[in-house]
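Hi,

Here is the structure I promised to pass on. Have a look at it first, and my notes follow below.

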Amino acid sequence: SRKLKKRTFRTIWISRVNAAARLQQLSYNKLIYSLKKLQIILNRKMLSQLILLDPSTFIFLIKDFKLI
């Protein structure tokens, strides 16, 4: 069903973001909190796409905005 598909994709996006954050010694929760605190509006889907298509930008985002 449609709701199950949405739930599945959200789980995948969160897993990808969590894995990438852990590679940068940052927890998923701290990453999401820091982004919201700095008013950087990226949802989990966009973060996941950024990680897959342009990992260097994701690393730049974390290091330049001092999320770690």
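Let me start with glutamine 25, which is exposed because its relative accessible area is 69% (buried means under 20%, exposed over 50%, partly exposed in between, with a 1.4 Å probe and protein chains only). Glutamine 25 sits in the loop between H1 and helix H2 (28-37); helices here are DSSP runs of H or I with at least four residues, numbered from the N terminus. Its phi is near 55°, a positive value in a residue other than glycine. Most residues other than glycine have a negative phi.

Before I go on, some housekeeping: this is a predicted model, where local features need pLDDT of at least 70 and side-chain atom pairs count only at pLDDT 80 or more, while totals for chains, interfaces and linings use all residues. Residues are numbered from 1 along each chain as its sequence is written, and side-chain values use heavy atoms, with hydrogens and water left out.

Glutamine 39 also has a positive phi, near 60°. You'll find glutamine 39 in the loop between H2 and helix H3 (44-53), and with a relative accessible area of 68% it counts as exposed.

Now for helix H1 (residues 2-23), which contains arginine 2. Arginine 2 is exposed, at 65% relative accessibility, and joins Lys3, Lys6 and Arg7 in a positive surface patch. (Patch residues have over 30% relative accessible area and no salt bridge, and like charges are joined within 9 Å; a salt bridge is a side-chain nitrogen of Lys or Arg within 4 Å of a carboxyl oxygen of Asp or Glu.)

How many aromatic pairs does a search of the whole structure find? Just one: phenylalanine 9 and tryptophan 13, tilted, at 6.0 Å centre to centre with 35° between the planes. (Rings of Phe, Tyr and Trp, the last by its six-membered ring, pair if their centres lie within 6.5 Å; planes under 30 degrees apart are stacked, over 60 edge-to-face, and the rest tilted.) The two are about one helical turn apart because they are four residues apart in helix H1. Phenylalanine 9 is partly exposed, at 39% relative accessible area.

Last stop, helix H4 (residues 55-64), home of serine 56 and proline 55. Proline 55 is partly exposed at 43%, and its C-alpha is 8.7 Å from that of alanine 20, 35 residues away along the chain. Serine 56 is partly exposed as well, at 49% relative accessibility; its C-alpha is separated by 18 Å from that of serine 27, 29 residues apart along the chain.

Cheers

Conventions
Patches are made of residues with over 30% relative accessible area and no salt bridge: like charges are joined within 9 Å, nonpolar side chains (Val, Leu, Ile, Met, Phe, Trp, Tyr) within 5 Å. Accessible areas come from the Shrake-Rupley method with a 1.4 Å probe; for residues, only the protein chains shown count as cover. Lys and Arg count as positive and Asp and Glu as negative; His and the chain ends are not counted. The place of a charge is taken as NZ of Lys, CZ of Arg, CG of Asp or CD of Glu.
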